[in-house]
Amino acid sequence: MNIALSSGVDVNSLRAQHPIAKLNHRSEDRHYMSTVHRSNEQQRLMALKGSPTDVLSLCKWYIKDGRQLELDDNARTVFEADNERMAGEALRVLAVAYAVTNGDTLRSDEIIQQGLIWVGLVGMADVVRSGVKNLIGEFHRAGIDTVMITGDQSPTAYAIGKELNLSKDEELEILDSTNLNQLEPEVMKALAGRVHVFARVSPANKLQIVQALQSAGKVIGMTGDGINDGPALKAADIGIAMGHTGTDVAREVADVVLEDDNLETMVVAISQGRTIYNNLRKSVRYMLSKNTSEIMIMFTSLAAGMGQPFNVMQLLWINMISDIFPGIALAQEPPEPDVLLRPPRSPEEQLINPSDYKRLLFEASTISAGTLAAYGYGVLRYGQGPQASSMAFTNFVTAGLLHAISHRSETHSIFDANRLEPNNYLTVALVGSLGVQSLTLFVPGLRSFLGMGPLNPFDLAISIGTAVAPLLINEATKKIAAPPLVLNGSTTVPVPVLNGNQIVAAT
């Protein structure tokens with residue numbers, strides 16, 4: 001953050017006149033820093049800046065119209081109101097004070113005991129990064145809750161939280177973390193699930209907050225860039241470090257590093273992660289439903305005394321042509337348009353849920369019914385033999401390949417007005433596989449190798465027609481089987497929005 005001041009003060013000259021003798025850094029139990037300067041042999045000047053509340057409590061006097069006045073209750077009330085007003089404008093507020101003492105002591109605590117002189121308040125506008133508000137909205141639509149962890153005082157944090165709409169248009173819950181260490185674990189666990197903003201957070205509190213959110217059943221993705229973020233990044237389910245501005249410690253302990261520090265990359269990563277998981281499900285569900293139908297066809301046909309619809313070579317051909325290439329192509333599906341509108345899945349969720357089997361059994365049944373219908377027609381017309389088997393074989397391979405189209409999405413169908421983005425891999429796989437399958441009808445040597453008989457146009461029409469029917473039925477019933485869309489979730493991720501602040505998102 002760059003700040004330009006025009007005060008007429010020559011800073012270098014000031015530093016030359018008052019060289020720093022001692023520097024006292026801010027700590028977890030001391031929310032201010034100070035420097036002690038040598039003015040001359042007899043005097044010491046101490047300059048102090050930090051939390052307005054803490055600095056004001058150390059002051060005994062203030063300057064007004066060039067006069068040093070006692071800091072009474074009325075003056076304190078005025079300065080406290082100024083602080084509240086500035087913080088309410090989303091400014092990061094620092095208080096400044098000083099003391100001049102005679103003697104050679106460099107101990108800041110001894111100088112402070114003599115009382116400080118209040119100088120005033122400094123408000124810094126640490127503007128929210130461009131696009132962060134829209135990013136928070138994207139998180140919420142993806143079912144990810146966001147929590148901000150910041151060292152700012154509560155009014156500043158509250159104003160920023162409202163600007164970012166962390167509470168999703170509900171009442172914003174904020175917790176001042178000054179006394180966070182004194183809370184019982186069960187109380188902290190209960191609060192963690194409700195709070196949108198943690199203010200006045202110390203570095204140690206970040207780890208405590210992440211652990212409390214995890215104990216409340218949240219899956220945590222934490223972003224950070226500083227050394228102090230290291231323990232929380234390591235404890236989070238997914239630690240996300242800034243690659244450009246982040247420290248070596250943050251990058252080493254994180255699970256993911258954003259090389260360009262672009263927070264929008266997180267939305268892309270979430271979309272791709274969900275797509276990879278969904279595509280794996282699509283491939284597995286496709287294999288299960290098609291192979292289940294294969295078992296159902298063989299069992300039903302034998303049980304009905306209709307003989308075997310497929311011979312050994314045909315079964316090998318089926319597994320080679322209609323399993324491998326469509327399954328691989330389904331794993332290359334582009335993201336579905338509503339992938340970020342679906343709720344996050346539980347880490348305990350199985351790849352194939354018990355609720356999936358009912359739908360898979362229905363899909364397998366439609367394919368089986370179509371193949372058995374074609375085979376039954378062939379048996380009635382030609383008896384058990386190569387021609388009936390050819391009709392079943394042609395039907396099943398075609399139906400299996402077309403079934404891959406149905407598994408492009410569990411919710412979108414071919415009847416929807418908004419079509420899915422094309423999957424060129426699947427197009428090539430289906431066209432190529434259907435082309436190779438057509439050779440079995442017209443190449444005598446291949447037909448003989450597979451034990452097939454010739455099919456006339458009417459037989460072929462029945463085989464193809466009963467292969468297309470399962471696709472139409474399965475696509476038409478998708479909306480009935482599809483689970484309702486839920487626009488909320490229960491995951492949490494800390495993401496830096498301002499310098500030194502984090503946002504936690506929970507799934």
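**Stop 1: Met 222**

Select Met 222 in this predicted model. Met 222 sits in strand E11, which covers residues 219–224. Is Met 222 buried or exposed? Its relative accessible area is 0%, so Met 222 is buried. Now add Ala 235, 13 residues away along the chain. Draw a distance between the two C-alpha atoms: the separation of Met 222 and Ala 235 is 8.9 Å.

**Stop 2: the seven-stranded sheet**

Next, show the strands E1 to E7. Here 7 strands make up an open sheet with mixed pairing. In what order do the strands lie? Read across the sheet as E1-E2-E3-E6-E7-E4-E5. Colour E1 (20–24) and E5 (67–70), which stand at the edges. Each of these two has a single partner strand, so one side of each lacks a neighbour in the sheet. Turn the view to look along the sheet. From one strand to the next, the twist averages 30 degrees.

**Stop 3: from E1 to E3**

Start at the E1 edge. E1 and E2 run antiparallel and are joined by 4 bridges. Pick Ile 20 and look across to E2: His 37 stands opposite.

Stay in E1 and select Leu 23. Its relative accessible area is 41%, so Leu 23 counts as partly exposed. Which residues does Leu 23 touch, leaving aside neighbours within four places in sequence? They are Met 33, Ser 34 and Thr 35. For a long distance line, add Asn 181, 158 residues from Leu 23 along the chain. The C-alpha atoms of Leu 23 and Asn 181 are 28 Å apart.

Move on to E2, residues 32–38. Why is E2 described as largely enclosed by the rest of the structure? Because 5 of its 7 residues are buried. Follow the chain out of E2 into a hairpin: 4 residues connect E2 to E3. E3 spans residues 43–50 and pairs with E2 in the antiparallel sense, over 7 bridges. Select Tyr 32 and find Gly 50 of E3 opposite.

While the strands are on screen, show side chains. In a regular strand, side chains alternate between the two faces of the sheet.

**Stop 4: E6, E7 and E4**

Select E6 (residues 92–102) and E7 (residues 116–124). These two strands run antiparallel, with 7 bridges between them. For one of the partnerships, pick Val 93; its bridge partner in E7 is Gly 123.

Now bring in helix H3. H3 packs on the sheet and touches E4 (59–64), E6 and E7. The direction of H3 makes about 15 degrees with that of E7.

Then look at E7 with E4. How do E4 and E7 pair? The sense is parallel, over 3 bridges. Select Cys 59 and find its bridge partner in E7, Leu 116.

**Stop 5: H3 against H6**

Keep H3 (residues 73–88) and add H6 (residues 154–164). Two packed helices are described by the angle between their axes and the distance between the axes. The axes of H3 and H6 come within 7 Å, crossing at roughly 20 degrees. H3 is therefore roughly parallel to H6. The crossing of H3 past H6 is right-handed. Which residues make the contact? From H3, select Glu 84, Ala 87 and Gly 88; from H6, select Pro 155, Thr 156 and Ala 159. By class, this contact of H3 with H6 has 3 nonpolar, 2 polar and 1 charged residues.

Now colour H6 by burial. 8 of the 11 residues of H6 are buried, so H6 is largely enclosed by the rest of the structure. Among the buried residues are Ser 154, Ala 157, Ile 160, Gly 161 and Leu 164. Step past the end of H6 to Asn 165, where phi is positive, near 55 degrees.

**Stop 6: H7 against H8**

Finish with H7 (residues 185–192) and H8 (residues 203–215). Their axes come within 8 Å and cross at roughly 80 degrees. H7 and H8 are therefore roughly perpendicular to each other. In H7, select Met 188, Lys 189 and Ala 192. They meet Ile 209, Ala 212, Leu 213 and Ser 215 of H8. The contact of H7 with H8 divides into 5 nonpolar, 1 polar and 1 charged residues.

How values were computed
Residues are numbered from 1 along each chain as its sequence is written. This is a predicted model: local features need pLDDT of at least 70, side-chain atom pairs count only at pLDDT 80 or more; totals for chains, interfaces and linings use all residues. Side-chain values use heavy atoms; hydrogens and water are left out. Buried means under 20% relative accessible area, exposed over 50%, partly exposed in between (1.4 Å probe, protein chains only). Axes are lines fitted to C-alpha atoms, for helices over the stretch in contact, and angles run from 0 to 180 degrees between N-to-C directions. Angles under 35 degrees count as roughly parallel, over 145 as roughly antiparallel, 65 to 115 as roughly perpendicular and the rest as oblique. A crossing is left-handed if the near helix is turned anticlockwise from the far one by less than a right angle, and right-handed if clockwise. Contact means heavy atoms within 4.5 Å. Ala, Val, Leu, Ile, Met, Phe, Trp, Tyr, Cys and Pro count as nonpolar, Asp, Glu, Lys and Arg as charged, and the others, Gly among them, as polar. Two strands pair if DSSP finds at least two bridges between them.
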